[in-house]
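Me: Please examine the structure shown below with me. I should like each label to be justified by its value and its criterion.

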Amino acid sequence: MLETFNFRVIFEYLPLFGSCFLATLWLSAAGLVGALVIGTLACSMRIGRHKLIAIVAAAYIESIRSTPLLVQLFFFYFGLPSLGIRLSEAATGILALALNSGAYLAEIIRAGIQSISHGQVEAAVASGLSYIQRMRHIILPQAIGVTLPPMLGQAIVLVKDSALLSLISLPELTRAGQIMTSERFMPAEGFLTSAVFYLLIYYMLKWMTAWSQKRLIYMQA
Amino acid sequence: MERYSVQRAMIEFKNVHKWFGDLHVLKDINLEVAQAEVMVVCGPSGSGKSTLIRSINRLEPIQKGELVVDAMKVHDPKTNMTKLRAEIGFVFQQFNLYPHMTALQNVTLAPMKVRKIARKEADDMGRYSLEKVGLGDKLHQYPAQLSGGQQQRVAIARGLCMRPKIMLFDEPTSALDPEMINEVLEVMRNLAREGMTMIVVTHEMGFAREVSHRVAFMDFGELTEIAPPGEFFSHPKSERTKLFLSKILTH
Ligand SMILES: Nc1ncnc2c1ncn2[C@@H]1O[C@H](COP(=O)(O)OP(=O)(O)O)[C@@H](O)[C@H]1O
Ligand SMILES: [Mg+2]
């Protein structure tokens with residue numbers, strides 16, 4: 001078996017995998033940043049006092065979570081142009097990833113905020129801190145500590161989901177495997193190489209989380 | 001023990017009412033607490049003691065009547081609450097410290113953010129407040145590293161660090177193990193001696209007897225009896241007060 005596994009071809013395709021690895025990295029990073037912004041916004045809308053805005057946020061979160069990412073991606077890729085909105089492939093991909101993960105992050109952030117004891121918030125109110133100051137100094141720092149592990153989980157899902165962007169012909173890691181497969185007919189080598197690079201990103205994320213968690217050790221009081 | 005002479009009214013309730021939905025929790029409260037006065041409030045659970053002192057800094061808004069604190073109208077929605085709250089330290093039963101901050105950070109946050117004091121000066125004030133409650137050696141400990149009694153003392157220091165005119169205590173020793181109660185009461189005794197205006201919801205009758213100027217009994221949302229401690233304990237007027245005292249003094 002193994003003698004037919006062709007390492008030489010992998011080395012030959014390494015530059016392609018390298019550039020596609022970088023593409024997956026930056027598409028995912030951009031998607032994640034967008035998801036964080038959208039998720040924070042959606043969460044504050046959802047738990048805010050304004051009823052109508054809360055309903056809009058809840059509708060967004062529900063509809064994303066109840067439909068496949070692939071359908072969402074195709075909607076943005078094929079649907080938006082038919083409505084007259086033209087975006088580049090990369091922008092479409094990032095938008096789909098950000099909107100999708102944003103809905104999950106909104107719920108993660110909400111759970112994090114709600115895990116903070118009401119008593120502390122009350123103590124902050126009693127000492128005269130404003131809503132913004134309470135958010136900035138009391139709620140968010142702790143919510144981030146509590147939500148870091150589930151956020152890491154979502155970030156890993158997002159990286160894996162970015163594989164779907166190969167379907168709108170973005171040159172990312174999965175696409176690299178496809179290219180190698182179709183040019184040399186070596187699916188084992190091609191997709192295994194893709195998988196190794198995904199594993200690399202996974203360990204990077206895990207390491208980053210462990211590092212930041214160490215600095216937040218006292219927050220789990 | 002020497003007690004500060006009592007001066008102008010610092011807190012004044014006039015015909016104050018409060019409802020939670022249909023539940024009438026404060027019924028026609030009339031009460032004046034003078035500057036430098038120490039008042040203890042006791043009464044059965046659910047009688048409205050917490051609501052009473054939480055209304056003073058509008059943690060609970062009142063629906064009827066007038067409530068004037070340090071010449072500011074708490075009942076008036078236009079009153080600047082930030083300014084009022086800066087003058088009132090509040091100590092909770094459950095301490096409610098910020099777990100992600102050290103003791104020093106806990107006590108200096110509000111002085112820096114609300115009073116806009118520079119970090120260096122706030123740190124000095126924070127150190128001084130923590131020394132005052134006997135925790136000068138715990139400045140950089142997190143709440144989780146402190147005992148219950150120490151945490152509650154940090155909470156008191158957090159109030160003091162704002163240089164408040166009033167300190168309110170809502171059952172500050174009820175959540176503590178018995179051996180830690182006294183260290184907290186000792187800090188409160190010292191505050192009283194220095195002339196801090198205080199309202200203390202507590203069932204520590206030794207503290208009431210020794211430190212307070214007056215003791216109030218709260219029952220079903222009403223202040224049914226207010227008297228100096230000597231009189232309150234030796235000649236309680238109503239049967240309900242007698243019954244309550246017999247219950248808490250026997251154990
Ligand atoms: N936020 C609230 N919503 C509804 N009812 C409340 C609330 N807080 C307190 N109550 C009710 O008001 C009454 C007085 O409560 P409280 O002031 O906490 O009494 P105490 O401190 O004397 O035990 C109780 O019946 C309590 O259940
Ligand atoms: Mg209470």
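**Backbone, ligand and interface**

Reply: Arg58(B) is placed in the loop that joins α1 and β4 (64-69) of chain B. The model is a predicted one, and its values are to be read accordingly.

Me: What makes the phi of Arg58(B) noteworthy?

Reply: Most residues other than glycine have a negative phi. Arg58(B) is not a glycine, yet its phi is positive, at about 60 degrees. Phe95(B), also not a glycine, has a positive phi of about 65 degrees. Phe95(B) is found in the loop between β6 (88-91) and α3 (103-113) of chain B.

Me: Why are the contacts of Gly46(B) with ligand 1 called polar?

Reply: The criterion is a pair of N or O atoms within 3.5 Å. A polar backbone atom of Gly46(B) is 2.7 Å from an oxygen atom of ligand 1, so the pair meets that criterion. For Ser47(B), a backbone N or O atom lies 3.2 Å from an oxygen atom of ligand 1, and for Gly48(B) the corresponding value is 3.0 Å. Both of these values therefore satisfy the cut-off as well. Ligand 1 exposes 560 Å² when taken alone, and the protein buries 59% of that.

Me: Which residues are around ligand 1, and how are they divided by class?

Reply: Among them are Phe20(B), Leu23(B), Val25(B) and Pro44(B), together with Ser45(B), Lys49(B), Ser50(B) and Thr51(B). Gly46(B), Ser47(B) and Gly48(B) also belong to the shell. By class, the shell has four nonpolar, six polar and one charged residues. Lys49(B) is in the shell, and Lys counts as charged. The elements β2 (23-34) and α1 (49-56) of chain B each give at least two residues to the shell. The largest share, three residues, comes from α1(B).

Me: Why is the pair Glu122(A) and Arg54(B) called a salt bridge?

Reply: The rule asks for a side-chain nitrogen of Lys or Arg within 4 Å of a carboxyl oxygen of Asp or Glu. In the pair Glu122(A) and Arg54(B), the closest N and O atoms are 2.6 Å apart, so the pair meets the rule. Across the interface of chain A and chain B, one salt bridge is found. There are also six residue pairs in polar contact across this interface, both residues being at pLDDT 80 or more. On the side of chain A that touches chain B, α5 (118-126) and α6 (131-161) of chain A give two or more residues. The largest share of that side, seven residues, comes from α5(A). Its classes are ten nonpolar, seven polar and one charged residues.

Me: How many residues does each chain bring to the contact, and how much area is buried?

Reply: Chain A brings 18 residues and chain B brings 24 residues. The two chains bury about 1,800 Å² between them, with 67% of it on carbon and sulfur atoms.

Me: How do you know that Glu12(A) and Arg184(A) form a salt bridge?

Reply: Their side chains meet at 2.2 Å, N to O, and the cut-off is 4 Å, so the pair qualifies. The pair links distant parts of the chain: Glu12(A) is in helix α1 (residues 7-47) of chain A, and Arg184(A) is in helix α7 (residues 173-184) of chain A, 172 residues apart. Over all chains, the count comes to 17 salt bridges.

Me: What is the secondary structure of chain A?

Reply: Chain A has eight helices and zero strands. From the N terminus on, its elements run α-α-α-α-α-α-α-α. Its C-alpha atoms fill a box of roughly 70 × 45 × 25 Å along the principal axes.

How values were computed:
Residues are numbered from 1 along each chain as its sequence is written. Chains are lettered from A and ligands numbered from 1 in the order in which they are written. Side-chain values use heavy atoms; hydrogens and water are left out. A residue is near a molecule or strand if one of its heavy atoms lies within 4 Å of it. A polar contact is a pair of N or O atoms within 3.5 Å; within protein, one must be able to donate a hydrogen and the other to accept it, and residues adjacent in sequence count only if both atoms are side-chain atoms. Accessible areas come from the Shrake-Rupley method with a 1.4 Å probe; for residues, only the protein chains shown count as cover. Helices (H or I, at least four residues) and strands (E, at least two) are DSSP runs, numbered from the N terminus. Contact means heavy atoms within 4.5 Å. Buried area is the accessible area (1.4 Å probe) that two parts lose on being put together, summed over both.
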